[in-house]
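Please look through the structure below alongside these numbered points, which take up its cysteines, its nonpolar cores and one of its helices.

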Amino acid sequence: MLQQILTDMFISPELLAELSEEQKQVLFIKMREEQVRRWKDREARLEKEDATLKKPKKASVKSVQWLAGMDSDVWVWVMGDHPADQSYEQICDDIIAQRAARQAQREAEELRVKKEAELVKRFSSVLMDSELQSWKEEVARQEVARQEVARQEVARQEVARQEKREAEERRRAEEEVRRVEQKRKQEIYMDLREVREERDDQHWQDSLRKSKAADLRRRSIAKQTRDDHRRQSVKALERGRVAAVTKAFGGDRPVLPPKPKPRNLTVTSDTLNPKQGLQRTLSTSSREHIIRWFQEEQLPFRAGFQKDQSRIASWFHGIISRQEAEDLLSEGEPGHFLVRVSERILGYVLSYRCKDEFKHFLIDATEGCYMLLGHQIRFTSLAELVEFHKGEPITMSGGEQLLQPCGQRPSGVDYADLFT
């Protein structure tokens, strides 16, 4: 089953629903390894073909004319490499400087309007006083003709002094506005630049932290899977429970019945790749089909029986759903388990009760052996698989050891239709 998944690089939703989180992670790692292997093989094949054969160019009505440089080669411009191109920091500084200049200009314009209003108010009152003085002088000139010319000259001089004083005040006010504008421009520029640097630094720190955490998590899962596989493989070899070792060294075990005939699988017209014409096999979920598969292919191997094949094992159950399995296990303590025939695919599911949850592990039952999907240890029967994991945990992270089998309900057995 695992080889078929890696060959098609596809897993059906029904099969994926039966996998536990640990099996999904292991399957993902193996599919990624298969993708890398295929990519390396393809690259090596293409390099070999390019070295031996030179493909002729196809005639095409379209043509491309490249702009040539001074060296008669194709002219290429890479943004950022030209001496006249600005760097990212320069572009950001220019944008910040423009924003600071606009804001400082707005503030200076407001200050300029305020100063202008104060000057107008002050000098308008002065001009009114000057007009009143001219009226008084006019009245006095009527009375004293001799003093008219002198007083008019005094009035003109006073007006000139007032105009000169007004111009000086306006010049000073304009200089003060410009000075405030330059100061505010620099302050706003520094504030905006500091905010941008803090934001960029915080974004970089968050990205680095997330990347390191994801890398550590992937390494931990990979190391844990390798250690688990190595330890279980050595343990299985020591106990003599691997099918390959048993076949090689022989023994007093009874000869297994012949391998059952390959079953007919329904094939859809949907292709995995339209160009290659590969077809994908559907998972059969019909209850009648699953019963026929069990009776024709699994019953000759005494699947579901105890190790001595004297009677059906207490942990074996028929075609029950995930929810029914969890209802049965909820009546027991952590460590209770059962093996059920999957209602979705042609295979088995090992259901296990943890302290706070339930876990379900898919058991591959192809090629005349039994193995947990993602593991490398093969067993000749379901009973050997159960016995092995009574002493060895299924996963190192969860430590799932099969402690107590979950039997049938008193009302009746749920595997009656499999043996009738």
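1. A search of the whole structure finds 0 disulfides, a disulfide being a pair of cysteine sulfur atoms within 2.5 Å. The model is predicted, so local features need pLDDT of at least 70 and side-chain atom pairs count only at pLDDT 80 or more, while totals for chains, interfaces and linings use all residues. Residues are numbered from 1 along each chain as its sequence is written, and side-chain values use heavy atoms, with hydrogens and water left out.

2. C92 is buried, with a relative accessible area of 11%, and C406 is buried as well, at 7%; buried means under 20% relative accessible area (1.4 Å probe, protein chains only).

3. The largest nonpolar core (buried Ala, Val, Leu, Ile, Met, Phe, Trp, Tyr and Cys residues joined through side-chain atoms within 4.5 Å) has 36 residues, of which W315, F316, Y348, I363 and Y370 touch the most other members. Elements giving two or more residues to this core include α7 (287-298), β3 (316-319) and α9 (382-391), helices and strands being DSSP runs (H or I, at least four residues; E, at least two) numbered from the N terminus. The most comes from α9, with 5 residues.

4. Leaving aside neighbours within four places in sequence, W315 is in contact (heavy atoms within 4.5 Å) with residues including F337, L382, V386 and C406. Apart from this core lies another, of 13 residues, among them I5, L6, L27 and M31.

5. The buried residues of α7 include H289, W293, F294 and E297, and what covers the buried residues of α7 includes β3, β4 and β5.

How values were computed
Buried means under 20% relative accessible area, exposed over 50%, partly exposed in between (1.4 Å probe, protein chains only).
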